[in-house]
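Visitor: Please choose a single part of this structure and take me through it closely. After that, I would like to hear about some other parts as well.

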Amino acid sequence: MTSQPKTSKKILHETANSVIYYQENGEYDRPVILKVLRQAYPSPQQIALLQNEYEFSYDLDLPGTRRALAQPRIEGRPALVLEYVAGEPLRQAFVEESPDLRDILRIGQQVAETLGELHRRRIIHKDINSNNILVSSDRTRTWIIDFGISSRVDLKTEHLGNFETLEGTLSYISPEQTGRMNRVVDYRTDLYSLGVTLYELLTGKLPFAGKQIMEIVHSHIAKVPPPVSEVRPDIPPVVSNIIAKLMEKNAEDRYQSGYGLKADLEKCLKQLAETGRIEDFKLAENDFSGRFQISQKLYGREEEIAGLMQAFERISQGGSEMMLAPGYSGVGKTTLINEVHKPITAKRGLF
């Protein structure tokens, strides 16, 4: 059935796949957001993303998120009707100003709590960035939006393929989300992306910027950005360390829950309120994931990994070699060989 809005709608912004409208009144008796696909005959992938967002949002009764209300067709095109929340994207809110540290800490605290609740519900967002977090004009409320690529599974393996098919927003995706880290993707990918977002808000620039996709992917995997406190000397070292911990390459070294991050940001805000400054303290003292996690680090294969890396360095200079990895089924041959994902990316190679 085709739904025709009763009142005119105003374009808020446009993306490559959809047009976002604001509608004041209509059959929903309240302001709503209309997300309408551009094409009358969209691709199966575009339809799947819209359907996924609806399925994750329509019954998500969680403060700090935006619910989907309906999935109609508008002017013959697939669409979503979403709750209207009075906020603007973080990138837009802070594009022309140097944000106050208290505002950023409060925003980080609220988003961390919302992520903690999402992860408790076994939901991985997978596209946290400064456009998918809305903030109110008084900086007191935040909302996470756009669940188009979210997943309800705890672990997800990213497969190597065309860089154009990577899920998520390239400048914010975690190392494991690139598919080139020999690691599965779990809820901690959202914490890395939040770290990138907070880095961007405080410094005014992304930690990794490049003109080529492979350059940015390699940076996520192997490069450490300048600390926030180096880019902005007025930022306390402990805040810089919190963001650095969020952006650790290995998920085991990051915060293990949104609640642990929230606790540390609350300590920062409390110190600011009481003394006007933030002193160093031990991070992640209240950081508990609440679930059993087996480390994905590869142990006991240092010699074999070194041999693979040396062989790769030799052939990257020209020539060719063949290496064999013998062993019984299940001893970890595939896991060992997949360790070359990282250096191959650095050399712009294909696996």
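Guide: A residue is called buried when its relative accessible area is under 20%, exposed when it is over 50%, and partly exposed in between, using a 1.4 Å probe and the protein chains only. The areas come from the Shrake-Rupley method with a 1.4 Å probe, and for residues only the protein chains shown count as cover. Helices (H or I, at least four residues) and strands (E, at least two) are DSSP runs, numbered from the N terminus.

The model is predicted, so local features need pLDDT of at least 70 and side-chain atom pairs count only at pLDDT 80 or more, while totals for chains, interfaces and linings use all residues. Residues are numbered from 1 along each chain as its sequence is written, and side-chain values use heavy atoms, with hydrogens and water left out.

The part to look at is strand β6, residues 77-83. In β6, 6 of the 7 residues are buried, so the strand is largely enclosed by the rest of the structure. Several strands pair with β6, where pairing requires that DSSP finds at least two bridges between two strands. Strand β3 (residues 32-37) runs antiparallel to β6, with 5 bridges between them. One position to find here is Val36, which faces Ala79 of β6. Strand β4 (residues 68-70) is also antiparallel to β6, joined to it by 2 bridges; Ala70 has Val81 of β6 as its bridge partner. Strand β5 (residues 73-74) pairs with β6 in the antiparallel sense too, over 2 bridges, and Ile74 stands opposite Arg77. Strands β5 and β6 form a hairpin with 2 residues between them, and in this hairpin Glu75 has a positive phi near 55°. When you follow such strands on the screen, remember that in a regular strand the side chains alternate between the two faces of the sheet.

For the setting of β6, consider the whole protein. The protein has 11 helices and 11 strands, and 49% of its 351 residues are buried. With contact meaning heavy atoms within 4.5 Å, residues 24 or more positions apart account for 65% of the contacts with a separation of 6 or more. About 17,800 Å² of the protein is exposed, and carbon and sulfur atoms supply 51% of that area.

There is also an open sheet of 3 strands, in the order β7-β8-β9 with antiparallel pairing. Strands β7 (88-89) and β9 (142-144) are at the edges with a single partner strand each, so one side of each has no neighbour in the sheet. Strand β8 (residues 133-135) and β9 are antiparallel and share 3 bridges, and Leu134 is matched with Trp143 of β9.

Next come the charged side chains. Side chains of opposite charge can pair when their charged atoms come close. A salt bridge is a side-chain nitrogen of Lys or Arg within 4 Å of a carboxyl oxygen of Asp or Glu, and by this rule there are 18 salt bridges. One of them joins Lys262 to Glu113, at 3.5 Å from N to O. This pair links distant parts of the chain, since Lys262 lies in helix α8 (residues 258-275) and Glu113 in helix α3 (residues 101-120), 149 residues apart. Lys262, at 18% relative accessibility, is buried, whereas Glu113, at 36%, is partly exposed.

Another salt bridge joins Glu167 and Lys126, whose closest N and O atoms are 3.1 Å apart. Glu167 is in the loop between β10 (156-157) and β11 (184-185), and Lys126 is in the loop between α3 and β8, so the pair ties together parts that are 41 residues apart in sequence. Lys126 is buried at 3% relative accessibility; Glu167 is partly exposed at 24%. Lys35, Glu53 and Asp146 form a network of salt bridges.

Lys245, in helix α7 (residues 237-246), is another case. Lys245 is buried but has no salt bridge, and its nearest side chain of opposite charge, Asp287, is 5.8 Å away. For charge, Lys and Arg count as positive and Asp and Glu as negative; His and the chain ends are not counted. The Lys245 side chain does reach the backbone oxygen of Asp253, at 3.1 Å. Beyond neighbours within four places in sequence, Lys245 has contacts that include Tyr255 and Leu283.

Methods: A polar contact is a pair of N or O atoms within 3.5 Å; within protein, one must be able to donate a hydrogen and the other to accept it, and residues adjacent in sequence count only if both atoms are side-chain atoms.
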